[in-house]
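Biologist: Before we discuss any assignment, please show me the model, and then let me ask how each label was reached.

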Amino acid sequence: MRSYVGVNDPQAVKKWASLMAVAINKSSYWAKKFVGEGKDARLPVQRIDDLESGAGDEVTVDLLMPMNQEPTIGDETLEGKEAPLKYFTDRMRIDQVRGGADLGSRMTKKRTLRNLRQDAKRAATDWWKRLQDELYFIYMSGSRGTGGGFIWSASNSFFSVNALTAPDSMHMMYGGSATSKLSLTSSDTMKLRLIDRAVAKAETMGGDGSDELSMIPVSIEGGDHYIALMHTYQADSLRQEAGTGGWLDIQKAAAAAEGAKNPIFTGAMGMYNDVVLHKHRNVIRFSDYGAGVNLPAARALFLGAQACFVAYGDNETGTRYRWTEVQKDHENSVAIGTHAIMGVKKATYKSKDNNTVRDFGVIAMDTYCADPNA
């Protein structure tokens with residue numbers, strides 16, 4: 001006699017939902033390195049947990065401006081000169097996201113229900129991992145781009161929950177001598193000089209009483225760093241430009257850095273000018289750059305802290321994911337559903353004139369980006 005947990009048994013549902021959540025966090029590119037918990041997190045993605053234990057589909061995030069008050073000296077009167085605290089407010093919403101797997105019929109499947117659950121968990125984990133990793137690239141880039149291979153289509157209704165926002169002029173840079181999408185040429189590739197320029201911009205932006213916010217570096221044991229996340233083809237161009245000896249120094253710098261065992265350094269290509277260099281195939285790509293020549297390009301992300309927010313809603317299961325099982329066709333087949341209530345949004349604020357939406361923790365770096373093997 002074989003004993004197994006039946007369809008939709010609460011024990012199995014909670015067990016598999018929990019196991020799936022753990023597996024997603026362990027295998028997700030972003031979750032392993034760049035997602036921080038709590039409002040004081042100093043990582044590129046900040047998880048907001050205000051909606052996880054109660055009702056609500058919107059959360060408000062306040063960005064506190066630094067005080068720009070001239071000091072009062074000696075016995076001069078302070079009363080009436082106190083500076084009011086000033087906040088920029090950002091809002092994000094959450095909605096239900098679902099996926100499912102059909103386990104097939106009893107006649108065509110000879111595996112046990114327990115094994116089929118394992119297969120479904122493996123497939124669902126991979127699907128959720130890809131789905132969420134793609135969202136971070138899309139939202140922080142402010143575009144889905146024109147590249148293929150994504151789960152998300154540009155017309156998916158999820159992008160109306162929190163709208164995509166294109167980079168503003170203060171947070172937009174181009175490779176080489178290019179100053180715009182149309183002026184980009186095939187010589188404007190990813191180079192170390194672009195990293196240097198981004199560092200200079202990040203270190204001098206805002207914080208001077210102009211009501212523009214400064215970028216905050218990512219906090220890692222032993223020091224503060226920015227992160228440059230580029231496409232694999234951009235990384236190849238950077239290696240070629242640095243040369244063998246220069247690239248070896250870049251790799252040595254990452255290995256010798258304080259806090260080098262931090263997950264942010266895991267899988268890093270190296271470190272240059274205190275910027276940790278990463279690459280990923282899902283960095284947003286375009287195929288319409290240049291003046292009427294349709295050049296391939298990619299949008300590398302220069303990241304500081306709190307560049308993006310992610311929030312989850314209450315699933316009434318004790319986890320961020322819900323697992324459901326449904327019998328179909330007179331119990332001849334079983335379908336499994338996986339569910340999450342979530343939202344993703346790039347962190348933005350209003351400019352001093354209150355008319356321009358500005359990014360907070362990310363600078364877009366667009367360069368020419370072609371397949372080196374083409």
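Biologist: Which residue is the bridge partner of Tyr174 in β18?

Modeller: The partner of Tyr174 in β18 is Asp366. Please keep in mind that this is a predicted model, in which local features need pLDDT of at least 70 and side-chain atom pairs count only at pLDDT 80 or more, while totals for chains, interfaces and linings use all residues. Residues are numbered from 1 along each chain as its sequence is written, and side-chain values use heavy atoms, with hydrogens and water left out.

Biologist: What makes β6 and β18 paired strands?

Modeller: Strands are DSSP runs of E with at least two residues, helices are runs of H or I with at least four, and both are numbered from the N terminus. Two strands pair if DSSP finds at least two bridges between them. Strand β6 (residues 172–174) is joined to β18 by three bridges, and the two run parallel; three satisfies the requirement of at least two. Seven bridges join β18 to strand β12 (residues 295–303), and here the strands run antiparallel, with Leu301 opposite Ala364 in β18.

Biologist: How do you know that β18 is mostly covered?

Modeller: Seven of the seven residues in β18 (residues 362–368) are buried, where buried means under 20% relative accessible area, exposed means over 50%, and partly exposed lies in between, with a 1.4 Å probe and protein chains only. Asp366, at 0% relative accessibility, therefore counts as buried.

Biologist: Why is the contact between Asp366 and Arg299 called a salt bridge?

Modeller: The term asks for a side-chain nitrogen of Lys or Arg within 4 Å of a carboxyl oxygen of Asp or Glu. The side chains of Asp366 and Arg299 meet at 2.8 Å, N to O, so the criterion is satisfied. Because Asp366 lies in strand β18 and Arg299 in strand β12, the pair ties together parts that are 67 residues apart in sequence. Arg299, with a relative accessible area of 7%, is buried too. By this rule the count comes to ten salt bridges.

Biologist: What makes Asp126 and Lys129 another such case?

Modeller: The closest N and O atoms of Asp126 and Lys129 are 3.5 Å apart, which is again within 4 Å. These two residues are three apart in helix α3 (residues 113–141), and so they are separated by about one helical turn. Asp126 has a relative accessible area of 36% and is partly exposed, as is Lys129 at 22%.

Biologist: Which residue forms a salt bridge with Arg358?

Modeller: Asp168 does, the closest N and O atoms being 3.1 Å apart. The pair links distant parts of the chain, with Arg358 in strand β17 (residues 357–359) and Asp168 in the loop between α3 and β6, 190 residues apart. Both Arg358 and Asp168 are buried.

Biologist: Why is the phi of Asn273 worth a remark?

Modeller: Most residues other than glycine have a negative phi. The phi of Asn273, however, is near 55°, a positive value in a residue that is not glycine. Asn273 is found in the loop between β9 (270–272) and β10 (275–279), and its relative accessible area of 39% makes it partly exposed. Gln306 likewise has a positive phi, of about 55°, although it is not a glycine. Gln306 is found in the loop between β12 and β13 (308–312), but at 13% relative accessibility Gln306 counts as buried.
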